[in-house]
Amino acid sequence: LLRKIQASDNLALAKIVRDSLAEFGANKPGTVFFDVTTDHLFELFQQPGSDYFVAEEDGRIFGGGGIFPSKGLPEGVCELVKMYLIKEGRGKGLGQSLIDKCIDLAKAHGYRTIYLETMPELKTALSVYAKKGFEYLNGPMGDTGHFGCELWMKKEI
């Protein structure tokens, strides 16, 4: 089940984000690991032009992902953000389903491009992004404040 985020999801999602980053050794400064908004995703995604979906099965949250009009991005560009799954949720197509949902949402909001920032430690995610048509950039777009991310990608939609 993919559903819109609820306020009651905040604690579980913050744990999933931080545990996932720690699992891959990507829990470093300048990432969402230390971002205070990670603890308040429901509130963050009330901003116009944003959406966040949670992957859930039998009441258990497996993770989520969303789109956000991050600071400094050009007109018509949103960022794919907070895309994390617990270990048991990986390899089942959930990540691809979340990306597809985010692409559909981005189109519905009128965006023409989806941008993301990531790290080399997240190898599986990198291959999923590439399969979904995201291409590498030489540098960041916008001003997300996540200086710990060393890789940038975008997809025209």
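**A walk through the helices, the pocket and a few odd residues**

Helix 2 (41-44), strand 2 (51-57), strand 3 (60-68) and strand 4 are among the elements that cover the buried residues of helix 1. Keep in mind as we go that this is a predicted model. The residues under that cover are Asn10, Leu13, Ala14, Ile16, Val17, Arg18, Ser20 and Leu21, the buried set of helix 1. Helix 1 itself takes in residues 10-23, 14 residues in total, and its first and last C-alpha atoms are 20 Å apart, close to the 20 Å expected at 1.5 Å a residue. Just past the end of helix 1 sits Gly25, with a positive phi of about 70°.

Helix 3 is a good next stop. Its 15 residues should span 21 Å at 1.5 Å a residue, and the end C-alpha atoms are indeed 21 Å apart, so the two figures agree. Gly95, Leu98, Ile99, Cys102, Ile103, Leu105 and Ala106 are the buried residues here. Look down the axis of helix 3 and you'll see why they belong together: they fall within an arc of 165°, so they line one face of the helix. After helix 3 comes Gly110, another residue with a positive phi, this one near 90°.

Now for helix 4 (residues 123-131). Which of its residues are buried? They are Leu126, Val128 and Tyr129. These cover an arc of only 165° around the axis, so they sit on the same side of helix 4. Turn to the other side of helix 4 and you find Lys123, Thr124 and Lys131, which are exposed. The cover over the buried residues of helix 4 includes strand 4 (77-85), helix 3 (94-108), strand 5 (113-118), strand 6 (135-136) and strand 7 (151-156). Strand 4 is worth noting, as it turns up both in this cover and in the cover of helix 1. Just after helix 4, Gly133 has a positive phi of about 95°.

Several of these elements come back when we look for open space. The largest pocket holds about 840 Å³. Its lining is made up of 43 residues, and the closest to the pocket centre are Lys82, Met83, Tyr84, Ala125 and Tyr129. Helix 1, strand 4, helix 3, strand 5 and helix 4 each give two or more residues to that lining. Which element gives the most? That would be strand 4, with seven residues. Tyr129 plays two parts in this picture, as one of the buried residues of helix 4 and one of those closest to the centre of the pocket.

Lys82 deserves a second look. Most residues other than glycine have a negative phi. Lys82, in strand 4, has a positive phi of about 50° although it is not a glycine. Is this lysine buried or exposed? With a relative accessibility of 8%, Lys82 counts as buried, since the cut-off is under 20%. Asp58 also has a positive phi of about 50° without being a glycine, but its setting is another matter. Asp58 is in the loop between strand 2 and strand 3, and at a relative accessible area of 78% it is exposed.

Over in strand 7 there is Lys154, which is partly exposed with a relative accessible area of 28%. Its C-alpha is 5.1 Å from that of Phe134, although the two residues are 20 apart along the chain. Setting aside neighbours within four places in sequence, Lys154 touches Thr113, Ile114, Tyr115, Gly133, Phe134, Glu135, Leu137 and Met141. One of those contacts is Gly133, the glycine we met just after helix 4.

Last, the cysteines. How many disulfides does a search of the whole structure find? Zero. For Cys102, the nearest cysteine sulfur is that of Cys78, 8.1 Å away, and Cys102 is in no disulfide. Why does Cys149 have no partner either? Its sulfur is 16 Å from the closest cysteine sulfur, again in Cys78, which is too far for a bond, given that a disulfide needs the two sulfur atoms within 2.5 Å. Both cysteines are tucked away from the surface: Cys102 is buried with a relative accessible area of 1%, and Cys149 counts as buried at 10% relative accessibility. Cys102 also takes us back to helix 3, where it is one of the buried residues.

How values were computed. Residues are numbered from 1 along each chain as its sequence is written. This is a predicted model: local features need pLDDT of at least 70, side-chain atom pairs count only at pLDDT 80 or more; totals for chains, interfaces and linings use all residues. Side-chain values use heavy atoms; hydrogens and water are left out. Buried means under 20% relative accessible area, exposed over 50%, partly exposed in between (1.4 Å probe, protein chains only). Helices (H or I, at least four residues) and strands (E, at least two) are DSSP runs, numbered from the N terminus. The arc is that of the directions from the helix axis to the C-beta atoms. Contact means heavy atoms within 4.5 Å. The expected span of a helix is 1.5 Å times one less than its number of residues. On a 1 Å grid over the protein atoms alone, a cavity is a set of points where a 1.4 Å probe fits but cannot get out, and a pocket is an open set with protein on both sides within 12 Å along at least five of seven lines; lining residues have an atom within 4 Å of a point. Grid points are joined across faces, edges and corners, and a volume is the space filled by probe spheres set on the points.
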